[in-house]
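These are my notebook entries on a two-chain model. I worked from the chains down to single strands and set down what I looked up at each step.

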Amino acid sequence: MTSAETREPADARPNLSAAGQATFDLALRMGGLFFAIVLVAIVMFILKPNSFNVDVGISVLRAMSSVAIMSLGLTLVIVSGEIDLSFGAMYGLGANALAVLWIVVGIPIYAALPLAILVGAAVGLFNGALVTWLRIPSFIVTLGSYNLLYGVSLWITHTSTFNPVYPPPGSEIPPAELDFFIGLTASFGTHPISLEVLWMIVLALMVGWLLHRSLFGFRLMAIGGNPTAAQLARLPVTRYKIIAFVLCGALAAIAGILDFSFIQTTQPNIGLSYTFPVFAAVIIGGASLSGGKGTIIGTIGGALLLAELQQGLALLTPGPHVQQLFLGIVTIGAVALDLVLTNIRKRRAA
Amino acid sequence: MSGGGICIRGLQKRYGSTVALAGLDIDIKPGEVLGIAGPNGAGKSTLVRIIGGEEGADAGELSFDGRAWSPADNWHAVAVVHQEPQLFPNLTVAENVVAGREDTATGWPKPTDADINVMEALGLRPFRKVRLADCSLATQQRTEIARAVARDARVFLFDEPNSALTNEESDELFREMHKLAGTGRMVVLITHRLRDLVSHCTRAAVIRDGRVRATLSGQALSEEAIARELVTESGAQAVAANARGAAQAQPTSLFSVRGWTHRSAFRNVDFAARPGEIVALMGVEGSGARELLRSFAGVERASGEITLAGAGEVGARRLRSYVPATRVASLYSNFSVGENLLVRLGSPEIAGPALALRKRRMKALAEAAVKRFLIKTGTTTQPIRSLSGGNQQKVAIAQALNCSPELLLLEEPTRGVDIRSKAEIYRLLRDYAAEGKSVVMFCTEVLELFEVADTAYVVSEGRLSPPLAIAGYDHVEQLATDITRLEAHRHIAA
């Protein structure tokens with residue numbers, strides 16, 4: 001420590017303070033979230049020591065995984081400066097489209113599954129095209145497609161519930177296909193942990209690479225940070241925004257399919273209630289609705305915090321109102337905290 | 001001892017490291033139209049914002065009719081008429097006049113008799129029930145005046161009010177100004193149009209570098225005199241203009257347009273720039289100069305024949321780079337200095353196969369750019385907003401130059417930039433041109449043009465003047481006089 005300090009020449013002070021500031025920023029930002037996650041765990045432990053064990057931890061990870069997968073896609077859209085409200089309905093359509101294609105139409109799961117994901121991508125293309133080519137605000141486009149998609153879900157399922165283990169009369173599910181489908185999220189190990197958690201981690205790594213390590217992510221940040229400048233500098237604004245929407249749609253479909261595999265039942269209205277928790281996860285994770293700001297690690301942290309609160313409160317059983325109250329408090333609190341920290345940072349910089 | 005009116009002494013204002021006002025003294029007397037002129041970044045708009053109560057000063061004394069005065073608390077006395085009216089486009093003209101003075105009434109407000117008289121006097125009667133957004137700009141400005149008269153404002157600041165008006169509309173506006181002054185109100189006109197200052201103002205103050213450099217009145221108030229005061233070199237700025245013209249000998253053009261026509265701003269323009277040449281386009285707002293530059297950059301649509309380094313319209317796209325007028329349109333506040341420098345690059349410069357970013361290479365490129373473009377920054381990772389305005393502008397220009405264009409297009413390259421950074425930016429442009437590239441810029445200051453350009457064209461009413469070879473001028477005053485003459489020339493012809 002001392003040797004490092006003495007090696008710094010005297011005139012390198014702004015250098016040091018800038019690097020220090022960046023570290024400080026990151027610590028404040030991520031540290032706050034990390035601190036909150038640990039704090040909630042400790043409080044839960046104090047309130048109910050015997051329920052604090054590995055299995056509960058694993059159930060938190062399982063519970064967060066579909067929210068986290070959707071919030072990965074939403075982070076991309078929000079970083080690009082747009083908004084997507086339709087992913088919850090897309091989650092439902094992903095699961096229901098798969099159910100219909102596979103169980104009713106009889107397409108083998110190996111083809112039906114990519115097709116269902118493609119439906120998600122197509123919906124993203126639809127959203128993105130309307131937003132960029134017709135310049136309709138994304139809030140309105142995706143509010144519309146939210147309802148559209150839910151309508152399509154009701155339509156194609158004829159408002160019925162599907163379970164591949166108990167297919168409707170006249171349909172036959174080959175056992176190999178059923179095993180494959182259920183195997184997607186099978187649990188393993190002495191403390192059974194679902195493969196869905198693994199999918200979440202793999203997807204988070206992929207999207208994290210895309211956003212933080214690829215030219216696509218670099219330019220997406222630029223486009224969200226200053227769309228005018230990006231347009232004037234001839235960055236591919238339209239194309240990249242559409243890609244963000246496509247990925248958001250596809251990831252929502254994947255989340256729906258994985259939950260379908262885990263729960264093995266799908267209903268026309270699933271996913272709709274995920275809209276706000278997913279938004280909350282992204283915002284708690286530090287993304288800015290004005291665009292150009294957001295991290296995958298933050299988003300995952302936000303999803304983890306929410307799942308932890310949800311599972312913890314379910315165990316404490318103080319009543320359903322408390323979960324909702326907490327969701328509200330944490331969302332507003334996270335943004336308020338972020339603003340306070342930003343002001344501190346600005347004062348330090350001035 | 002000034003009897004009435006506003007008296008300002010030692011007004012100071014800083015924005016971060018930029019000094020906007022450096023001890024400005026000015027008097028505004030009732031019954032007169034006071035003109036204010038000055039180059040961009042001189043402090044005119046800061047002065048307007050302070051008198052209008054939109055911002056506080058750092059230091060200085062203000063008095064109104066002999067009493068100490070704080071515009072922020074006493075804003076009712078002052079009305080600012082903006083170039084772009086700051087009103088409610090969704091309300092009618094009458095509602096705009098009334099809005100904000102509803103007092104304790106809880107119903108939908110109605111104009112009083114006094115309000116109706118004011119509107120009548122300003123010729124707004126026919127528009128009373130028309131939505132403001134559907135009115136012409138002139139009507140909107142008159143509405144803004146009516147609003148201020150109705151609340152009994154004493155001071156009227158007109159900030160570039162007629163730059164988007166037709167001649168008849170501006171004449172009408174000036175008549176209103178004189179009427180206001182005739183009733184003992186104070187009227188201040190801020191404009192770039194020297195002609196208007198001479199023909200409509202009692203006195204004209206020239207502001208440069210945050211101070212009043214001269215106040216002209218009576219016989220001394222002429223376009224030439226103002227032009228001279230605008231460009232007279234301040235001591236720190238004695239940069240000799242002799243490095244220019246290295247590539248003058250090359251007769252072939254690198255960039256040219258023929259029959260270049262815009263839907264409204266200009267028509268049938270023929271223009272060429274040689275390798276190594278820095279060309280400046282000059283013209284007041286609305287002359288078409290700005291649009292012409294933007295059309296070269298492909299940001300504004302124009303038709304005609306375009307050639308750049310042997311390539312046509314499509315090929316030219318990759319060979320030119322454009323630096324917008326404001327840093328709001330060129331820099332990314334969510335990015336660091338380094339990221340801002342590299343943002344226009346792509347594969348293979350900063351990304352490898354599969355579009356993976358080459359982080360180490362990016363760091364090296366950013367550091368090289370910081371060195372090459374003389375950007376004063378601690379690290380390449382600090383936020384862009386932590387730099388001074390001048391250094392931010394260097395980053396904006398470096399960002400465009402990093403794509404190695406054949407043609408660099410700049411819109412007001414040194415707007416709001418301090419003198420030292422200006423000199424460094426001029427050097428960067430000069431060095432770049434010396435590599436056999438062309439630079440075309442739109443500028444609004446004669447001094448800038450004198451210091452950096454090889455050739456200048458004055459644009460007036462969508463037409464180019466004959467080229468002015470800057471090397472032929474020994475004194476900037478001479479050049480300023482010629483440019484003023486060329487700007488006025490077309491007005492008379494038209």
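**Entry 1. Domains of chain B.** Before noting any division, I recorded that domain bounds come from an automatic or database domain assignment. The model itself is a predicted one. On that basis I entered two domains for chain B: domain 1 covers 6-232, and domain 2 is made up of 237-338 + 385-394 + 404-493. I then looked up the separation of their C-alpha centres, which is 32 Å. The contact between the two draws 18 residues from domain 1 of chain B and 19 residues from domain 2 of chain B.

I next asked which helices supply at least two residues of the side of domain 1 that touches domain 2 in chain B. I found helix 6 (194-200) and helix 7 (223-231) of chain B. Helix 7 of chain B gives the most to that side, namely six residues. Sorted by class, the side of domain 1 of chain B that touches domain 2 of chain B holds six nonpolar, seven polar and five charged residues.

**Entry 2. Chain A and its contact with chain B.** For chain A I listed 14 helices and two strands. The chain has 350 residues, of which 46% count as buried. I also looked up contacts in chain A with a separation of 6 or more: residues 24 or more positions apart account for 78% of them.

Turning to the interface, I noted 24 residues of chain B in contact with 21 residues of chain A. On the chain B side, the residues divide into 13 nonpolar, 10 polar and one charged.

**Entry 3. The largest nonpolar core.** I asked which members of this core touch the most other members. The core has 247 residues, and those members are A:M70, A:L98, A:L251, B:F156 and B:V188. Helix 11 of chain A (residues 237-263) contributes the most, with 18 residues. Domain 1 (6-232) and domain 2 (237-338 + 385-394 + 404-493) of chain B both give residues to the core, so I entered it as lying between them.

I then followed A:L251 individually. Leaving aside residues up to four places away in sequence, A:L251 touches A:I69, A:M70, A:L72, A:G73 and A:L203.

**Entry 4. The six-stranded sheet of chain B.** I recorded an open sheet of six strands in chain B, in the order 6-7-8-3-9-10, with mixed pairing. Why does one side of strand 6 (78-81) and of strand 10 (211-217) of chain B lack a neighbour in the sheet? Both stand at the edges with a single partner strand each, so one side of each is left free of a neighbour there. On average, neighbouring strands of this sheet are turned by 20° against each other, direction ignored.

I went through the pairings in turn. Strand 7 (residues 155-159) of chain B is joined to strand 8 of chain B by five bridges, and the two run parallel. In that neighbourhood B:F156 stands opposite B:V187 of strand 8. Strand 3 of chain B runs parallel to strand 8 (residues 186-190) of chain B, with four bridges between them, and B:I36 stands opposite B:I190. Four bridges also join strand 3 to strand 9 (residues 203-208) of chain B, again parallel; B:L34 has B:R203 as its bridge partner in strand 9.

I checked burial along strand 3 (residues 33-37) of chain B. Five of its five residues are buried, so strand 3 is largely enclosed by the rest of the structure. In a regular strand the side chains alternate between the two faces of the sheet. For strand 3 of chain B, I found B:V33, B:G35 and B:A37 buried on one side, and B:L34 and B:I36 buried on the other.

Helix 1 (residues 44-51) of chain B lies across strands 3, 6, 7, 8 and 9 of chain B, and runs at about 150° to strand 7 of chain B.

**Entry 5. The three-stranded sheet of chain B.** I noted a further open sheet in chain B, with three strands in the order 12-11-14 and antiparallel pairing. Strand 12 (269-273) and strand 14 (303-308) of chain B each have a single partner strand, so each has one side without a neighbour in the sheet. The average turn between neighbouring strands here is 5°, direction ignored. Strand 11 (residues 255-261) of chain B is joined to strand 12 of chain B by four bridges, and B:F255 stands opposite B:A273 in strand 12.

Notes:
Residues are numbered from 1 along each chain as its sequence is written. Chains are lettered from A and ligands numbered from 1 in the order in which they are written. This is a predicted model: local features need pLDDT of at least 70, side-chain atom pairs count only at pLDDT 80 or more; totals for chains, interfaces and linings use all residues. A nonpolar core is a set of buried Ala, Val, Leu, Ile, Met, Phe, Trp, Tyr and Cys residues joined through C-beta atoms within 7 Å. A residue is buried if 20 or more other C-beta atoms lie within 10 Å of its own, exposed if 12 or fewer, and partly exposed in between; C-beta atoms are placed from the backbone. Two residues are in contact if their C-beta atoms, placed from the backbone, lie within 7 Å. Ala, Val, Leu, Ile, Met, Phe, Trp, Tyr, Cys and Pro count as nonpolar, Asp, Glu, Lys and Arg as charged, and the others, Gly among them, as polar. Two strands pair if DSSP finds at least two bridges between them. Axes are lines fitted to C-alpha atoms, for helices over the stretch in contact, and angles run from 0 to 180 degrees between N-to-C directions.
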